[in-house]
Amino acid sequence: MGHMVQVKGGEVWADDAGETGGAEAGPPVVLLHSGIGDSRLWEPVLPGLAAGRRRVIRYDARGFGRSPGPTVSYTQLDDLRSVLDHFELTRVVLVGSSMGARTAIDLALSDPGQVAALGLLVPGVNGYEGLDSAKVTEEIGRLATAGDMDGLVAFALRLWGAAGPDPDTEAEHLLRAAIPAWFTTYGHETQGGRAFDRLGELDLPCTLLLGERDQPEVIRCNEAMAARIPGSRLVRHPDCDHFPTLRAPRDVVRLVTELCERASA
């Protein structure tokens, strides 16, 4: 069942897929999507994650999916806190992909008692200076200025969808829906602090999935992150790009299930 959750100056759509889950199932799992899709990215893994009466919550960040675009300044971290407050969640397993992983890390650093474990899928992180590519930014700007949505989708698939089929219909559909949010959120979203420099402070079960066919800058970032997070488990997936839930859903379910077991131990 979908919920509209009130956030600062707006609202986001959220889904509670496991309201029947009990305490014996362990902490609830909260899923945070990437910037190249919305919460539908999680649909291939939802049945497996909700098994065993585990409570699983996902939501669309502002401007993505069923969430309206922002009209005021906001942070992804504050919106995550609002979602957790709405569902009265005090301790959760956070699983984030790319942009969502960045937000999950920010919460784990600012409110460590609220995060039982971290699942980081092809993650980003605030403060890592080698993640952005000037050539990528320039090409996105050129295509956007020309109003070339087909060109933007094709470019994004080449960059982040190298492991997909041809045609890559599912990833293309997600990208086409997500790309407008890149621009409607610009100027409204406030980024967090330099979390990369603080990764050594994390003290919780953490698994990081790296896609060997991802963008080279992301791979280098993920390697550097795993080296800094104490006790983290690095999983290198040879057949994954920036869409791990589409490329290897069973592996993602296994990764998250093992992480939940570690969080409950």
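This note goes through the cavities and pockets of a predicted model.

1. Basis. Local features in this predicted model need pLDDT of at least 70 and side-chain atom pairs count only at pLDDT 80 or more, whereas totals for chains, interfaces and linings use all residues. Residues are numbered from 1 along each chain as its sequence is written, and side-chain values use heavy atoms, with hydrogens and water left out.

2. Largest pocket. About 1,200 Å³ of space lies in the largest pocket (a pocket being, on a 1 Å grid over the protein atoms alone, an open set of points with protein on both sides within 12 Å along at least five of seven lines). Its lining (residues with an atom within 4 Å of a point) comprises 33 residues, of which R102, D132, W160, W182 and Q191 lie nearest the centre. Helix α4 gives the most to this lining, with four residues.

3. Second largest pocket. This pocket has a volume of about 190 Å³, and of the 17 residues that line it, L77, D106, N126, G192 and G193 are the closest to its centre. The largest share of the lining, five residues, comes from α3.

4. Cavities. The structure holds two cavities of 30 Å³ or more (a cavity being a set of grid points where a 1.4 Å probe fits but cannot get out). The largest cavity, of about 60 Å³, is lined by L32, H33, Y59, A61, Q76, M99, G100 and T103, and three of its lining residues, the largest share, come from helix α3 (residues 99–110). The second largest cavity has a volume of about 40 Å³, and its lining consists of S34, L41, W42, S97, H242, F243, P244 and T245.

Methods:
Points joined across faces, edges and corners; volume = space filled by probe spheres on them. Helix = DSSP H or I, 4+ residues; strand = E, 2+ residues; numbered from the N terminus.
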